[in-house]
Amino acid sequence: MVQGGRWHDGWTMTVMAQGSGSGFGLTLELDSDVLLPGRLVDGRLRVHSRDADSFRAARITLVGTETWRYDQTSTDSEGHTRTEIRTRQHELPRVPVALLGPTDLRAAETRDLPFQVPVPALGPATFQGTELRVDWELRANLDIGGFDPSAELPVRVLEPTALLRAGVIDVEQFALFDEAAVEADGLAGSIRLEPAPLCIGAPFRGILTMAAGETRRVQEVRLELRVTAKATVGGGREETITLWSGRLPDTADFGGEARAYPFDGVLEDRHLPTVRTPHGRSDATFHVVVAIAWAPDSHLVRDVAICSTMEI
């Protein structure tokens with residue numbers, strides 16, 4: 001069970017999970033369910049004994065799980081092939097914290113155990129895709145030598161701006177630039193986006209500046225921020241998720257003389273930052289889609305990077 005309040009920005013405060021087993025009850029509390037890489041998060045584990053009993057150890061562990069999907073093709077004896085979608089998981093390196101060694105508790109006794117748990121400096125951050133996912137939870141358990149009572153609390157590890165800017169993650173060449181040149185099908189210009197990197201759930205603004213290209217009659221000019229996640233394994237699957245979309249007004253006649261088109265928006269509050277995992281990666285691109293009747297769309301595209309917090 002998870003309980004808690006909410007800040008105005010969607011972050012949960014004083015989250016709690018409960019568990020029980022073998023005569024013990026556990027209450028696991030954290031100051032927040034959003035964790036910053038390389039930081040310590042404060043919490044408390046409350047252990048309650050129904051009867052006089054003992055345990056060998058009490059510990060908490062921050063556990064991350066990477067999940068990815070891939071295609072596996074097989075051929076039967078008659079030469080027919082069949083492709084199936086398979087799912088695999090990989091547990092990221094654990095971060096255990098020992099709270100108590102061998103301990104005896106009296107009947108109805110309660111122990112409050114404050115703790116600080118370190119968050120891995122490089123994450124990877126929580127990622128909520130289908131073909132690629134990264135999930136984190138904090139687990140508390142008592143070692144009693146049989147059915148160990150435990151409590152699990154889902155948490156989210158963020159991708160901070162500083163980690164992307166430090167070059168630890170190999171983003172595309174111009175992903176962290178405010179402005180990048182774009183060109184396609186005789187159209188040329190630049191796309192400026194602020195801030196850099198963009199942040200999930202946060203506002204942004206931009207300017208499309210057209211420098212060259214014949215004037216053309218268009219149906220619409222769409223703007224899309226797309227996140228591409230893929231499993232970097234044999235047969236690994238890939239998906240593209242539109243995190244934000246919009247349109248440029250007053251674009252019936254597009255191109256011709258130089259012109260600047262300002263726009264703004266707010267990214268969806270969905271955890272799809274730029275990440276690198278042991279078996280996958282995600283990258284983002286900003287598309288200006290010029291739709292012309294009876295002709296293929298033209299795509300002016302630049303790379304971008306996405307964080308999940310601008311706190312650090």
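## Residues with positive phi

Asp185 is exposed, with a relative accessible area of 54%. The model is a predicted one, and in it the phi of Asp185 is near 50 degrees, a positive value in a residue other than glycine. Asp185 belongs to the loop between strand 15 (179-184) and strand 16. Exposure is assigned here because the relative accessible area of Asp185, 54%, falls in the class defined as over 50%.

Ala108 likewise has a positive phi, of about 65 degrees, although it is not a glycine. The loop between strand 10 (103-105) and strand 11 holds Ala108. With a relative accessible area of 53%, Ala108 is exposed.

## Cis peptide bonds

A cis peptide bond runs from Gly123 to Pro124, and its omega is near 5 degrees. Pro124 is placed in the loop between strand 11 (110-118) and strand 12 (127-128).

The peptide bond from Glu194 to Pro195 is also cis, with omega near 0 degrees. Pro195 occupies the loop between strand 16 (187-194) and strand 17 (198-199). Strand 16 ends at residue 194, and Glu194 is the residue that precedes Pro195 across the cis bond.

## Aromatic pairs

A pair of aromatic rings is described by the distance of the centres and the angle of the planes. The structure holds 5 aromatic pairs. One of them joins Phe24 and Phe55 in an edge-to-face arrangement, at 5.7 Å centre to centre and with 80 degrees between the planes. Phe24 lies in strand 3 (residues 24-32) and Phe55 in strand 6 (residues 53-55), so this pair ties together parts that are 31 residues apart in sequence. Phe24 counts as buried at 3% relative accessibility, and Phe55 counts as buried at 4%.

Phe204 and Trp244 form an aromatic pair that is edge-to-face, with 5.0 Å centre to centre and 85 degrees between the planes. Because Phe204 lies in strand 18 (residues 203-212) and Trp244 in strand 21 (residues 238-247), the pair ties together parts that are 40 residues apart in sequence. Phe204 counts as buried at 5% relative accessibility. Trp244 is buried as well, with a relative accessible area of 11%.

## The ring cluster

The rings of Phe204 and Trp244 belong to a cluster, in which ring pairs link Phe204, Trp244, Phe263 and Phe286. Of these residues, Phe204 is in strand 18 and Trp244 is in strand 21.

## The hairpin of strands 25 and 26

Strand 25 (residues 280-291) pairs with strand 26 in the antiparallel sense over 7 bridges. Within this pairing, Val289 stands opposite His299 in strand 26. The two strands, 25 and 26, form a hairpin with 6 residues between them. In the turn, Trp294 has a positive phi of about 60 degrees.

Strand 26 (residues 298-304) has two faces, one covered and the other uncovered. The covered face consists of Ser298, Leu300, Arg302 and Val304, whereas His299, Val301 and Asp303 make up the uncovered face. His299, the residue opposite Val289, is therefore on the uncovered face of strand 26 according to the division of its residues.

Notes: Residues numbered from 1 in each chain as written. Predicted model: local features only at pLDDT ≥ 70, side-chain atom pairs only at ≥ 80, totals over all residues. Heavy atoms only, no water. Helix = DSSP H or I, 4+ residues; strand = E, 2+ residues; numbered from the N terminus. Buried < 20%, exposed > 50% of the residue type's maximum accessible area, 1.4 Å probe, protein only. Phe/Tyr/Trp six-rings, centres within 6.5 Å; stacked < 30°, edge-to-face > 60°. Pairing = 2+ DSSP bridges.
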